[in-house]
Amino acid sequence: MEHLLNQIAAYKQEIEAFVASGAEDVEQFRIKWLGTKGLVKSIMGEMKNVPNDQKKTFGQILNEFKLFTEAKFDQLQSNFAPVANASAATYDFSLPGDPVAVGSRHPLTLVKNEMVSIFKRLGFVVAEGPEIEDDWHNFGAMNLPEDHPARDMQDTFYIKKPEDGNGPTWLLRTHTSSVQARVMEHQKPPIRVICPGRVYRNETISARAHCFFHQVEGLYIDENVSFADLKQTLYFFVQEMFGKEVKVRFRPSYFPFTEPSAEMDISCLICGGKGCNICKHTGWVEILGSGMVHPKVLENFGIDSNKYTGFAFGMGVERITQLKYQVNDLRLYSQNDVRFLKQFTGVV
Ligand code: DAH
């Protein structure tokens with residue numbers, strides 16, 4: 001029986017030295033040693049050749065060898081078996097966790113939200129309109145005559161001209177003033193709305209111009225609304241947005257949908273009024289157009305212009321964002337460069 005004892009000793013050595021590098025190796029181990037055609041079974045088969053007087057001792061040796069092999073298998077298996085339930089897993093709580101990628105709002109969204117929330121505090125409610133608009137809501141209703149240069153193919157993206165000459169001319173809205181028309185169509189005074197949205201113009205893209213940008217429009221119509229109300233409202237907005245030390249001035253201007261009309265400038269926040277590239281060395285930056293709603297616009301919607309008056313204003317979100325965050329190239333807003341966007345992480 002000498003050779004069987006030697007064989008078992010050799011097997012034991014081999015088993016002891018066995019290392020598995022994955023679950024597949026463990027399975028190979030099982031097949032080789034413990035499978036139906038495995039070596040444990042085949043050496044057990046040798047029992048029939050063992051003389052009767054040695055069967056007892058030899059049976060013990062073989063049994064011990066089988067247990068030894070099974071124990072090794074159990075140990076290998078526990079190293080690679082998937083964790084059946086999480087509570088059984090061992091965690092190292094002192095390891096640093098996986099960092100959570102923190103997203104950020106787009107700077108234009110941040111500024112638009114802030115603008116809207118300031119006007120909401122004055123009782124304005126948000127109104128929205130379509131970006132694909134018809135000629136009437138974008139131009140006609142807003143008192144822009146047929147021959148107004150803003151209607152020119154060069155400024156406006158026209159979508160579809162009706163082939164038979166009937167039906168509306170579709171275009172991408174060139175300003176959020178079209179939402180004024182949409183509101184007055186369905187609502188009677190008092191009206192107090194703020195209309196944020198995207199607008200389109202056929203411009204060559206550069207640092208200072210883009211084919212789409214964003215505006216926030218305001219409209220307030222009631223009895224006895226005056227230019228003083230307009231000034232006070234916009235003054236409040238500027239102070240809330242930029243702080244109490246900002247100076248404001250109104251300049252007479254012209255818009256077909258307001259009379260009188262005014263543009264509002266604020267003292268340049270970049271240079272503090274000393275003069276820089278942003279304010280073109282004047283110390284002032286124009287931020288919006290405004291005025292008293294033209295009686296013709298009111299009448300277009302059946303609002304009695306003898307009873308009601310109103311003011312309106314429109315401003316560019318990109319311009320306000322430029323002043324707030326000193327972003328001097330309009331293209332940055334739509335390039336989706338994470339190095340730019342990441343700078344607004346944590347700003348709410
Ligand atoms: N719609 C004008 C523009 O896009 C801005 C504007 C000016 C809006 C005066 C108004 C307003 O409501 O009263 O340039």
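**Cysteines, ligand site and domain arrangement**

Cys195 is buried, its relative accessible area being 0%. The structure described here is a predicted model. Cys271 is likewise assigned to the buried class, with a relative accessible area of 13%; both values fall under the 20% cut-off that defines this class. For Cys271, the closest cysteine sulfur belongs to Cys268 and lies 3.7 Å from the sulfur of Cys271. Because a disulfide requires two cysteine sulfur atoms within 2.5 Å, this separation is too far for a bond. Applied to the model, the criterion yields a count of 0 disulfides.

The ligand is surrounded by 15 residues, of which His175, Ser177, Arg201, Gln215 and Glu217 are the closest. By residue class, this shell comprises 9 polar, 4 nonpolar and 2 charged residues. Several secondary-structure elements contribute to the shell: helix H7 (177–186) and the strands E6 (212–222), E9 (284–293) and E10 (309–316) each provide at least two of its residues.

Polar contacts to the ligand involve side-chain as well as backbone atoms of the protein. In the case of His175, a polar side-chain atom is placed 3.0 Å from a ligand nitrogen atom. The side chain of Gln180 has an N or O atom at 3.1 Å from an oxygen atom of the ligand. At Ala312, by contrast, the contact is made through the backbone, where an N or O atom lies 3.2 Å from a ligand oxygen atom. Taken on its own, the ligand has an accessible area of 360 Å², and 89% of this area is covered by the protein. Such a value relates to a common convention: the size of an interface is often expressed as the accessible area lost when the parts come together.

With regard to overall organisation, the domain assignment divides the protein into domain 1, spanning residues 2–89, and domain 2, spanning residues 107–344. The C-alpha centres of domain 1 and domain 2 are 83 Å apart. A residue-level distance was also computed for Ala71, whose C-alpha atom is separated by 92 Å from that of Ser261. Along the chain, Ala71 and Ser261 are 190 residues apart. Ala71 itself forms part of helix H4, which covers residues 55–80. The relative accessibility of Ala71 is 44%, and the residue is therefore classed as partly exposed, a category that lies between the limits of 20% and 50%.

Methods:
Residues numbered from 1 in each chain as written. Predicted model: local features only at pLDDT ≥ 70, side-chain atom pairs only at ≥ 80, totals over all residues. Heavy atoms only, no water. Buried < 20%, exposed > 50% of the residue type's maximum accessible area, 1.4 Å probe, protein only. Near = heavy atom within 4 Å. Polar contact = N/O pair within 3.5 Å; in protein donor to acceptor, adjacent residues only side chain to side chain. Areas by Shrake-Rupley, 256 points an atom, 1.4 Å probe, with all protein chains shown as cover. Helix = DSSP H or I, 4+ residues; strand = E, 2+ residues; numbered from the N terminus. Nonpolar A, V, L, I, M, F, W, Y, C, P; charged D, E, K, R; others polar. Domains from an automatic or database assignment.
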